[in-house]
Amino acid sequence: MSLLTAELQDEIRNLMARYPKPRSAILGALHRVQEELGCLPPEAQAEVAALFDMPPAEVDSLVTFYYMYFRKPMGRYAIKVCRSISCYLRGSDKLRCHLQDKLGIGRGETTKDGMFSLLEGECLAACDGAPAVQINDRFVENVTSEMLDALLEELRKGSSRFSAWPEPCKP
């Protein structure tokens, strides 16, 4: 059974057709698959590889290299705390510890209710707004512990400001 729907496969083929070299669409295709499934399990990676006529190991190397791709199920909200030097100097380590205490999870873990996953990113490219946090695909800058508490509450209430990943990731 295919993890990628016929519609998603067609969407990926249309994306590939936009480029002189179809492989240029691979990152966008992986984003779309992750949006649909919530993560990129090996079976989905193999299907993407087949669409692009490339070895599954090449797709796996992309998924492994880029931190925005998830190989395992994540919570509805993946919270990434930047750990670059700018963010670190402005307290990102304290924010991560605050989130660990507040959510009761460690780095790379997901809350028991499946709502939140806590991650770190090497650089979120928001140095002028350090410390920065990324919630799924949205950035929040100049973050404080109080802001995090308010954001967590907002997310628990189903905020429309932050889109949630689908649930659960289909392995």
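Here are some exercises with worked solutions on the predicted model shown above.

**Exercise 1. The two sides of a helix**

Task: Work out which residues of helix α4 are buried and what they pack against.

Solution:
- Step 1. Begin with the helix itself: α4 covers residues 56–65, and its buried residues are Val59, Leu62 and Val63.
- Step 2. Now look down the axis. These buried residues cover an arc of only 95 degrees around the axis, so they sit on the same side of α4.
- Step 3. Turn to the other side of α4, where Ala57 and Phe65 are exposed.
- Step 4. Finally, find the partners: the buried residues of α4 pack against α2 (26–37) and α3 (42–51).

**Exercise 2. A proline in the same helix**

Task: Describe the surroundings of proline 56 in helix α4.

Solution:
- Step 1. Check the exposure: proline 56 has 45% relative accessibility, so it counts as partly exposed.
- Step 2. Look for contacts, leaving aside neighbours within four places in sequence: proline 56 is in contact with Ala46 and Ala49.
- Step 3. Add a distance: proline 56 and glutamine 45 are 11 residues apart along the chain, and their C-alpha atoms are separated by 6.5 Å.

**Exercise 3. The largest pocket**

Task: Find which residues line the largest pocket, and sort them by type.

Solution:
- Step 1. Start with the volume, which is about 170 Å³ for the largest pocket.
- Step 2. List the lining: Val63, Thr64, Phe65, Tyr66, Tyr67, Tyr69, Phe70, Arg71, Lys72, Met74 and Leu119.
- Step 3. Sort these residues, and you get 8 nonpolar, 1 polar and 2 charged.
- Step 4. Ask which element gives the largest share of the lining: α4 does, with 3 residues.
- Step 5. Link back to the first exercise. Val63 is a buried residue of α4, Phe65 is exposed on the other side of that helix, and both are among the residues lining the largest pocket.

**Exercise 4. Looking for disulfides**

Task: Determine how many disulfides the structure has, then examine cysteine 97 and cysteine 127.

Solution:
- Step 1. Recall what to look for: a disulfide is a covalent bond between the sulfur atoms of two cysteines.
- Step 2. Search the whole structure, and the count is 0 disulfides.
- Step 3. Take cysteine 97, which is in no disulfide: the nearest cysteine sulfur belongs to cysteine 87 and is 15 Å away.
- Step 4. Take cysteine 127. Its closest cysteine sulfur is in cysteine 123, at 4.7 Å, which is too far for a bond. The cut-off for this step is that the two sulfur atoms lie within 2.5 Å.
- Step 5. Compare with the surface: cysteine 97 is partly exposed, with a relative accessible area of 37%, and cysteine 127 is partly exposed at 42%.

**Exercise 5. Backbone surprises**

Task: Locate a cis peptide bond and two residues other than glycine with a positive phi.

Solution:
- Step 1. Keep the background in mind: most residues other than glycine have a negative phi, and most peptide bonds are trans.
- Step 2. Go to the peptide bond from alanine 130 to proline 131, which is cis, with omega near -5 degrees. Proline 131 is placed in the loop between β2 (116–121) and β3 (133–135).
- Step 3. Stay in the loop between β2 and β3 to find alanine 125. Its phi is positive, at about 60 degrees, and alanine 125 counts as exposed at 68% relative accessibility.
- Step 4. Move on to asparagine 142, in the loop between β4 and α7 (145–156). Phi of asparagine 142 is near 55 degrees, and this residue is partly exposed at 40% relative accessibility.

**Exercise 6. Contacts across the chain**

Task: Find what serine 84 and tyrosine 88 touch, not counting residues up to four places away in sequence.

Solution:
- Step 1. Place serine 84 in the loop between β1 (77–82) and α5 (85–89). Serine 84 is buried, with a relative accessible area of 10%.
- Step 2. Read off its contacts: serine 84 touches Gly121, Glu122 and Cys123.
- Step 3. Continue to tyrosine 88 in helix α5, which is partly exposed at 46% relative accessibility.
- Step 4. Note that tyrosine 88 touches Arg83 and Asp93.
- Step 5. Return to proline 131: its C-alpha atom and that of tyrosine 88 are separated by 7.1 Å, with their positions 43 residues apart along the chain.

Technical notes:
Residues numbered from 1 in each chain as written. Predicted model: local features only at pLDDT ≥ 70, side-chain atom pairs only at ≥ 80, totals over all residues. Heavy atoms only, no water. Buried < 20%, exposed > 50% of the residue type's maximum accessible area, 1.4 Å probe, protein only. Helix = DSSP H or I, 4+ residues; strand = E, 2+ residues; numbered from the N terminus. Arc of directions from axis to C-beta. Contact = heavy atoms within 4.5 Å. 1 Å grid on protein atoms, 1.4 Å probe; cavity = no way out; pocket = protein on both sides within 12 Å on 5 of 7 lines; lining within 4 Å. Points joined across faces, edges and corners; volume = space filled by probe spheres on them. Nonpolar A, V, L, I, M, F, W, Y, C, P; charged D, E, K, R; others polar.
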